[in-house]
Amino acid sequence: MKKLSIFGLVMILSLLLAACGGDKEDAKNKVYKVGVDTTYPPFEYEENGKQKGIDIDLITEIAKKEGFKIKLEPMNFKGIIPALQADELDIAIAGMSITDERKKVVDFSDPYFKAGLTLVVAKNNNNITSQDDVKGKTIAVKKGTTGAQFAEELAKKKNAKVVQFNDSPSMFQEVSNGNADVLIEDYPVVAYAIAQKDLGLKIVGDRLNGDNYGIAVLKGENEDVLKKINKGLADLKKSGKYDEIVKKYLKE
Ligand code: GLN
């Protein structure tokens, strides 16, 4: 009887140990699905079938340093938070601005890039130089963005119209071809696009706000990986690797 219970105890202990080991193995082999925007240079874009950009390099380096595996999942920006909520993504890095509203459903890393919104018009448009001039105009925005939200509020005040697009290039085109009068986009993204190629667009006025980018995980679900992300980010900043990555894409 005594022998049996010792035997039983040993069995239970070894089962427990095996279970713990299994969990650790699972965590080690887990591949974290990372949502990224489809076309958002210099933060993320595809070149020769490969994802590139500041966000891509940052999350790749963080994962390497902190020892977790990732798989990139490009998707329309507006689908990213719903995909986190539906458990289809574990992490999102998509030039995503930290906002109080998003904080209700996701946890953000420490801020990693200062962006801010700006107005953009066609090169030959001299009627719009600030947000006061959008009365009765058409504002192009990208769905689900802080730019879209800013535009909706401004449109209400100024009696303007808002038209929505799935991606940034479509929104740029709408203004360069004259279908919309003005667009709202993150300053570094549109400044980069204009510097790369003559899009027939120009930036006007001061930055509309001080949006900061953060890496997101589903609220309350991913504390462990969020800690690793913050640690990795801090290490990259300390070692100079962060600056190196940013300089690689923004040569100023
Ligand atoms: N920074 C903006 C936002 O968070 C736009 C992001 C994007 O278009 N990828 O809404």
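What follows is a walk through the empty spaces, the ligand site and two backbone oddities of this structure.

Keep in mind that this is a predicted model, where local features need pLDDT of at least 70, side-chain atom pairs count only at pLDDT 80 or more, and totals for chains, interfaces and linings use all residues. Residues are numbered from 1 along each chain as its sequence is written, and side-chain values use heavy atoms, with hydrogens and water left out.

Let's start with the ligand. It has 13 residues around it, and Asp37, Gly95, Lys142, Thr146 and Asp186 come nearest (a residue counts as near if one of its heavy atoms lies within 4 Å). Several side chains make polar contacts, meaning pairs of N or O atoms within 3.5 Å. A polar side-chain atom of Asp186 sits 2.6 Å from a ligand nitrogen, and one from Ser97 is 2.8 Å from a nitrogen of the ligand. Arg102 deals with an oxygen instead: a polar atom of its side chain lies 2.7 Å from a ligand oxygen. On its own the ligand exposes 290 Å², and the protein buries 100% of that (accessible areas come from the Shrake-Rupley method with a 1.4 Å probe).

Now for the gaps in the protein itself. Rolling a probe the size of a water molecule over the atoms shows where empty space is left. The search runs on a 1 Å grid over the protein atoms alone: a cavity is a set of points where a 1.4 Å probe fits but cannot get out, a pocket is an open set with protein on both sides within 12 Å along at least five of seven lines, and lining residues have an atom within 4 Å of a point. Grid points are joined across faces, edges and corners, and a volume is the space filled by probe spheres set on the points.

There are 2 cavities of 30 Å³ or more. The largest holds about 80 Å³, and its lining includes Asp37, Gly95, Ser97, Arg102, Lys142, Thr146 and Asp186, names you'll recall from the ligand. Domain 1 (31–114 + 212–249) and domain 2 (117–204) each give at least three residues to this lining; the domain bounds come from an automatic or database domain assignment. By class, the lining has 3 nonpolar, 4 polar and 4 charged residues (Ala, Val, Leu, Ile, Met, Phe, Trp, Tyr, Cys and Pro count as nonpolar, Asp, Glu, Lys and Arg as charged, and the others, Gly among them, as polar).

The second largest cavity comes to about 30 Å³. Tyr40, Lys142, Thr145 and Asp186 are among its lining residues, and they also help line the largest cavity. Strand β11 (182–186) gives the most here, with 3 residues. Helices (H or I, at least four residues) and strands (E, at least two) are DSSP runs, numbered from the N terminus.

The largest pocket has about 340 Å³ of space. Of its 15 lining residues, Pro41, Pro169, Phe172, Ala193 and Leu199 are closest to the centre. Helix α6 (168–176) is the top contributor with 5 residues, while α7 (187–196) supplies at least two. The lining splits into 9 nonpolar, 5 polar and 1 charged. Both domains give residues to it, so the pocket lies between them.

Finally, the backbone. Most residues other than glycine have a negative phi, and most peptide bonds are trans. Pro41 and Pro42 are joined by a cis peptide bond, with omega about 5°, and Pro42 lies in the loop between β1 (31–37) and β2 (45–47). Asn48 has a positive phi of about 50°, and its place is the loop between β2 and β3 (50–52).

Definitions and conventions. Polar contact = N/O pair within 3.5 Å; in protein donor to acceptor, adjacent residues only side chain to side chain.
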